[in-house]
Amino acid sequence: MNKTGLFAFLGLLAFASGSVAAPAIFTVQQVLDYPFISEIATNAQGGHIAFVRDLRGVRNVWAADAPGYAPRQVTHYAADDGQEITQLTFSPDGRILLYVRGGDHDANWPAAGDLAPDPDSALDQPKVTIWRAALDGGAPFKIAEGDAPKLSSRGQLAYIAEHAVWSVDGKAKPVRLFFDHGKDNDLQWSPDGGTLAFVSNRDDHALIGIYRPKDQFLSWLAPSTDKASFPRWSPDGKHIAFVRRPGDGGPPKPILVQTPDPWSLWVADAATGQGHFVWQSPDTLLGSYPQTEGQANLHWAAADRIVFLAELDNWPHLYSVPAAGGTPMLLTPGAFMVEDVAESRDGRFLVYSANAGTTKDDDSRRHLFRVAVDGGAPVALTSGEGIEAKPVLADDGHAAFIDADARTPHGVGLVGADGKGRRDLNSGGLPSDFPRASLIVPQAVSFKAADGLAIHGQLFDGGGAGPKPAVIFVHGGPSRQMMLGWHYMDYYANGYAVNQYLAAHGFTVLSINYRLGIAYGRAFQHPPHAGPAGAAEYQDVQAGAKFLKGLKSVDPRRIGIWGGSYGGYLTGLALARNSDVFKAGVDLMGVHDMSRTLSEGFNPTSSLAMQIGRYEKGDFEKALKVAFESSPVADVAHWKSPVLLIQGDDDRNVQFQQTVDLAARLRAQHVRYEEMVLPNEIHSFLRWSSWAKADEATAAFLAKELQPVGAARN
């Protein structure tokens with residue numbers, strides 16, 4: 001069905017069923033026509049910021065300079081070609097900007113041969129490349145094939161290619177800086193620009209290496225059987241702080257029962273390699289290594305204090321501890337989550353985003369705060385009903401951030417480190433046909449699961465006469481949170497846009513923040529018996545359906561469900577276990593057999609892979625059985641409701657085989673299904689046209705199945 005036919009069809013359904021008060025007011029493509037800010041960066045001096053703006057799949061770099069910060073476009077790409085732009089990197093003087101073009105930087109594993117994605121099926125093989133742009137004019141040009149560029153204070157470039165460290169000077173031929181048989185990453189130049197620290201991943205352990213151009217050999221910092229990570233230089237360049245976690249070894253760890261994941265902080269002398277212990281996590285679940293944004297979020301701050309993030313009181317919070325060791329100081333007390341963290345140039349304070357504030361329902365938003373590294377009460381820099389995320393700090397005292405609210409998609413905002421002078425940059429503006437005024441402000445709701453756990457969500461209701469069909473949306477991740485506005489991640493911004501469309505066209509939509517998600521504490525994010533260990537989170541989906549059935553505006557016979565990735569998994573569970581409740585669903589790139597995922601073992605030396613391939617298997621066999629029983633395929637015999645399956649066949653996060661396998665099982669059970677396969681697309685589609693195609697199909701399928709012409713479906 002073409003676009004014109006689709007929207008005429010939706011309008012006909014609304015008229016015939018009498019369940020929608022207003023006609024269709026905008027199209028799927030119109031609500032997808034929003035600008036998305038995917039990255040913001042600043043330089044070390046001079047008050048420069050840069051950001052990546054994506055509109056209709058066309059990604060470009062923009063820049064702005066103090067004091068006026070008037071944005072200007074730096075690159076002029078014009079195609080929806082699916083090539084990411086990431087890792088904006090300023091030269092020390094702010095005159096040059098490097099960026100990476102291409103790749104899939106959110107993948108669980110690389111493609112065979114480390115092939116870069118080719119989502120538009122180009123005849124020439126795409127590469128991951130590093131580009132150079134002069135901010136005073138001139139066309140950008142490619143300087144190397146590689147990734148993860150790091151510029152020293154002297155202007156020397158180091159980057160990663162084929163898991164090794166390379167360098168290039170101007171238009172000279174790239175050279176490999178040194179040989180290392182590990183897989184190198186996390187490059188960190190010393191403050192004087194003369195020494196490079198890096199992580200050498202050796203699979204079952206990892207080391208912190210030091211490269212000095214005049215030395216004949218690499219040196220290593222306190223090498224051990226542990227996995228070392230996050231090397232961070234002291235301001236004087238004499239020491240390096242880093243994280244240690246146990247290497248892969250020892251007796252099998254339980255899969256079905258949670259156990260502590262310990263970690264520690266160390267400091268080593270950069271000249272001698274000698275290290276000393278700074279802090280050890282408690283041997284408890286709350287002391288486990290954090291799995292929120294930025295993980296340890298390690299910083300070497302002023303006054304020789306090491307700042308890190310931990311969940312010692314059930315919430316992801318910032319702490320600081322003397323580099324010599326001691327008791328950590330809690331910097332951000334309260335029942336909220338610290339997410340993105342930026343350090344000031346002088347190292348004296350941090351700016352962070354958190355789901356906190358004084359406005360009602362701020363636990364479903366993000367605002368910015370400042371806190372000193374040596375203690376004191378945090379200070380709010382932003383407030384209200386907007387969403388401010390991903391802060392970066394310019395040297396003139398301004399914080400730049402992604403700015404949005406319930407109706408206004410992504411722009412770039414500025415605020416002083418004192419919370420004054422907030423303003424929005426004119427970062428390209430909204431397209432003229434974007435339906436901002438027609439969007440709904442979602443309502444924060446909560447309800448209880450069968451075991452009594454409080455579950456939160458957002459209700460999208462466009463009004464009109466009822467009873468109406470309803471749809472549950474389940475996000476992916478699962479360590480994510482949907483909010484009361486446009487999300488700062490592109491995958492979930494797309495979900496928010498589709499929910500707005502459905503609500504405006506006759507559906508009541510409930511977006512559920514089920515257990516396993518972030519922003520409600522560590523215990524909520526790491527519940528027992530969840531996912532492959534028992535799918536405890538599915539009861540939250542059932543509770544959402546019960547909540548919808550209690551609304552007078554909802555027809556309980558017409559409830560559907562849709563979601564992607566982990567949301568696709570929950571969609572599959574709902575249709576397999578409760579086709580009596582969920583009458584239709586759209587499953588995007590979902591996991592359908594958790595036992596297959598559990599047994600794949602992508603890292604051959606991981607703790608799980610070691611259990612598979614050795615005599616000591618711990619509870620692996622029992623866990624495999626529980627994982628299968630926690631999967632949609634285990635209940636496919638009870639699956640009756642129609643489903644639309646959507647996935648790209650170059651998915652590097654969920655094996656495409658998961659959808660191939662489910663389709664075969666549904667066919668054998670004579671379950672009505674439709675499918676959309678996007679050749680060469682990855683997990684989070686890289687092309688805007690791919691999202692538009694998938695989203696239009698999602699809306700049409702749900703309308704066809706849940707809002708038939710005439711009477712409601714029985």
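The questions and answers below go through salt bridges, strands, a helix and aromatic rings in a predicted model.

Q: What makes the contact between Asp248 and Lys227 a salt bridge?
A: The closest N and O atoms of Asp248 and Lys227 are 2.9 Å apart, and the cut-off for a salt bridge is within 4 Å, so the pair counts as a salt bridge. It links distant parts of the chain, since Asp248 lies in the loop between strand S18 (239-245) and strand S19 (264-269), while Lys227 lies in strand S17 (residues 227-233), 21 residues apart. The structure holds 29 salt bridges.

Q: Why is Asp248 called buried or exposed, and which word fits Lys227?
A: Asp248 has a relative accessible area of 17%, and because buried means under 20%, Asp248 is buried. Lys227 has 25% relative accessibility, which lies between the 20% and 50% cut-offs, so Lys227 counts as partly exposed.

Q: How do you know that Lys468 and Asp461 form a salt bridge, and how is each of them classed by accessibility?
A: The closest N and O atoms of Lys468 and Asp461 are 2.7 Å apart, so the pair meets the rule of within 4 Å. Lys468, with a relative accessible area of 1%, is buried, whereas Asp461, with 29%, is partly exposed.

Q: What makes Asp555 and Arg557 a salt bridge, and how is each partner classed?
A: The side chains of Asp555 and Arg557 meet at 3.2 Å, N to O, and because this is within 4 Å the contact is a salt bridge. Asp555 counts as buried at 3% relative accessibility, while Arg557 counts as partly exposed at 41%. Elsewhere, salt bridges that share partners join Arg672, Glu674, Lys704 and Glu705 into one network.

Q: Why is strand S38 described as mostly covered?
A: Strand S38 (residues 582-588) has 7 residues, and 6 of them are buried, each having a relative accessible area under 20%.

Q: How do you know that S38 pairs with strand S37 and with strand S39?
A: Strand S37 (residues 554-564) is joined to S38 by 6 bridges, and at least two bridges are needed, so these strands pair. Gly560 stands opposite Ala584 in S38, and the two strands run parallel. Between S37 and S38 the chain passes through helix H6 (residues 566-577), and this β-α-β crossover is right-handed. S38 and strand S39 (residues 643-648) have 4 bridges in the parallel sense, so they also meet the requirement of at least two. In this second pairing, Val586 stands opposite Leu644 in S39.

Q: Why is H6 called largely enclosed, and how does its span agree with the expected one?
A: Of the 12 residues of H6, 11 are buried, so the helix is largely enclosed by the rest of the structure. Among these buried residues are Tyr566, Gly567, Leu570 and Leu575. From its first C-alpha to its last, H6 reaches 16 Å, which is close to the 16 Å expected at 1.5 Å a residue.

Q: What makes Phe51 and Trp62 an aromatic pair, and why is the pair called stacked?
A: The centres of the rings of Phe51 and Trp62 are 6.2 Å apart, and since the limit is within 6.5 Å, the rings pair. Their planes differ by 15°, and because planes under 30 degrees apart count as stacked, that name applies. Phe51 lies in strand S2 (residues 48-55) and Trp62 in strand S3 (residues 58-65), so the pair ties together parts that are 11 residues apart in sequence. Phe51, with a relative accessible area of 0%, is buried, and Trp62 also counts as buried, at 13%.

Q: Why is the pair of Phe178 and Tyr211 called tilted?
A: The ring centres of Phe178 and Tyr211 lie 5.1 Å apart and their planes meet at 35°, an angle neither under 30 degrees nor over 60, so the pair is tilted. Phe178 counts as buried at 8% relative accessibility, and Tyr211 counts as buried at 12%.

Q: What makes Arg101 a charge over the ring of Tyr77?
A: Arg101 lies over the face of Tyr77, at 4.0 Å from the ring centre, so the distance satisfies the limit of within 6 Å. The charged end of Arg244 likewise sits over the ring of Trp266, 4.0 Å from its centre.

Methods. Residues are numbered from 1 along each chain as its sequence is written. This is a predicted model: local features need pLDDT of at least 70, side-chain atom pairs count only at pLDDT 80 or more; totals for chains, interfaces and linings use all residues. Side-chain values use heavy atoms; hydrogens and water are left out. Buried means under 20% relative accessible area, exposed over 50%, partly exposed in between (1.4 Å probe, protein chains only). A crossover is right-handed if, with the strands pointing away from the viewer, the path from the first strand over the helix to the second runs clockwise. Rings of Phe, Tyr and Trp (its six-membered ring) pair if their centres lie within 6.5 Å; planes under 30 degrees apart count as stacked, over 60 as edge-to-face and the rest as tilted. A charge sits over a ring if NZ of Lys or CZ of Arg is within 6 Å of the ring centre and within 35 degrees of the ring normal. The expected span of a helix is 1.5 Å times one less than its number of residues.
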